[in-house]
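Trainee: Got a minute to go through this one with me? I'd like to talk about how the helices pack, and then about pockets.

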Amino acid sequence: MTDQLKRAISAAKTAQTNDKQAEATRIASSSAGDQIFDMSESSYKTSHTAIRKARRFAMQGLYEWLVTDRRFDIDGKLGWKDNAPHDIAARTRATNAMHTVHIGYYHEMMRDIPEQIEALDVLISQHLDREIDKLDTVEHAILLIGAYELQNRLEIPYKVVLDEAMKLNNHFGATDAHKLINAVLDKMAVELRAIEVEADSKANLRTSQKAAAKPVIKADTNTETNADIEDSAATPTPAIEEKPTASNKPRISANNATVKRNSASKATANISDFKASKKATETDRTDADSKD
């Protein structure tokens with residue numbers, strides 16, 4: 001084994017050991033409350049599917065937090081608080097395969113949504129027909145994610161936020177919960193994304209107007225066509241003599257019986273003429289000999 005190959009193997013082992021140590025340090029610091037998350041972690045997926053998976057893990061983590069520490073905090077049982085959001089995130093990351101998850105966005109939601117819970121609940125409560133503590137916990141967690149994205153992640157279109165909330169409800173929520181979630185987030189989008197919603201409404205209006213204008217044009221065209229047909233029917237057109245063309249000339253077949261009869265008659269007439277002329281010549285010659 002060459003020295004160059006040995007050095008390459010040693011460097012690879014050292015890098016692998018450093019990565020493991022860095023991961024252990026990150027988890028330990030997270031459990032201790034020192035939340036330092038690298039939002040541009042290159043070793044994790046950042047696709048649309050990875051973001052959707054991050055929402056699912058965040059919904060489950062927020063649900064766990066809402067039924068433990070958050071509920072104890074509201075009830076005044078502060079001594080029971082022992083399940084902080086960063087502990088839930090660290091435990092989830094240690095016990096699940098997160099290589100297909102946008103881990104940075106997951107940690108962002110698990111950190112920022114609990115920090116903004118009071119403001120987000122106020123936004124949600126404005127469009128509810130009941131007290132927020134009467135909400136199902138799953139619906140509450142989904143609405144928190146939707147409200148957070150509408151307010152803080154302006155690069156995500158509001159329609160995508162609503163659609164992803166519906167997918168979360170289909171996966172975790174009750175059968176008819178989508179009606180409440182869609183109604184609340186739709187009203188919240190009008191409030192938080194007024195410019196975007198207005199532009200989308202104008203685009204939809206232009207599309208509907210173009211679609212409605214097409215049948216009118218067709219009706220006018222048909223009317224003009226029918227009028228032209230009626231005028232042409234009322235005005236007599238002069239008869240035009242047809243000239244024989246190559247397509248309408250009568251075709252004469254080689255097997256046509258009429259042609260055969262005509263040819264036979266013509267040949268017979270020629271023979272008769274020939275015989276008559278020959279007979280006349282012989283008669284003239286006989287008359288000449290008798291005179292001599």
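Trainee: What's the handedness of the crossing of H2 and H7?

Mentor: Right-handed, in this predicted model. The two axes come within 9 Å and cross at roughly 125 degrees. That angle makes H2 oblique to H7.

Trainee: And which residues of H2 and H7 make the contact?

Mentor: From H2 you have Arg-55, Ala-58, Met-59, Leu-62, Tyr-63, Leu-66 and Val-67. H7 brings Thr-137, Val-138, His-140, Ala-141, Ile-142, Leu-144, Ile-145 and Glu-149.

Trainee: How do the residues of that H2 and H7 contact divide by class?

Mentor: There are 11 nonpolar, 2 polar and 2 charged ones.

Trainee: OK, staying with H7. At what angle do H7 and H9 pack?

Mentor: About 20 degrees, with the axes 10 Å apart; H9 covers residues 177–192. Angles under 35 degrees count as roughly parallel, so H7 and H9 are roughly parallel to each other. Their crossing is right-handed.

Trainee: Which residues in H7 meet H9?

Mentor: On the H7 side, Glu-139, Ile-142, Leu-143, Gly-146, Ala-147, Leu-150 and Gln-151. They meet Ala-177, Leu-180, Ile-181, Val-184, Leu-185, Met-188, Ala-189 and Leu-192 in H9. By class, that contact has 12 nonpolar, 2 polar and 1 charged residues.

Trainee: Switching helices: how far apart are the axes of H4 and H5?

Mentor: They're 9 Å apart, and the angle is about 160 degrees. That makes H4 roughly antiparallel to H5. H4 takes in residues 85–95 and H5 residues 103–115.

Trainee: Left-handed or right-handed, that crossing of H4 and H5?

Mentor: Right-handed. Pro-85, Ile-88, Ala-89, Thr-92 and Arg-93 are the H4 residues in the contact, facing Ile-103, Tyr-106, His-107, Met-110 and Pro-114 in H5. The contact of H4 with H5 divides into 7 nonpolar, 2 polar and 1 charged residues.

Trainee: Now pockets. What's the volume of the largest pocket?

Mentor: About 300 Å³. It is lined by 13 residues, and the closest to its centre are Leu-66, Ile-74, Ile-132, Asp-133 and His-140.

Trainee: Which elements give two or more residues to the lining of the largest pocket?

Mentor: Helices H2 (48–67), H3 (69–74) and H7 (137–152). H3 supplies the largest share of the lining, 3 residues.

Trainee: Leu-66 and His-140 sound familiar, don't they? Where did they come up before?

Mentor: In the contact between H2 and H7: Leu-66 is on the H2 side and His-140 on the H7 side.

Trainee: Last one: how many nonpolar, polar and charged residues are in the lining of the largest pocket?

Mentor: The lining has 5 nonpolar, 2 polar and 6 charged residues.

Terms used: Residues numbered from 1 in each chain as written. Predicted model: local features only at pLDDT ≥ 70, side-chain atom pairs only at ≥ 80, totals over all residues. Heavy atoms only, no water. 1 Å grid on protein atoms, 1.4 Å probe; cavity = no way out; pocket = protein on both sides within 12 Å on 5 of 7 lines; lining within 4 Å. Points joined across faces, edges and corners; volume = space filled by probe spheres on them. Helix = DSSP H or I, 4+ residues; strand = E, 2+ residues; numbered from the N terminus. Nonpolar A, V, L, I, M, F, W, Y, C, P; charged D, E, K, R; others polar. Axes fitted to C-alpha atoms, helices over the stretch in contact; angles between N-to-C directions. Parallel < 35°, antiparallel > 145°, perpendicular 65-115°, else oblique. Left-handed = near helix turned anticlockwise from the far one by under 90°. Contact = heavy atoms within 4.5 Å.
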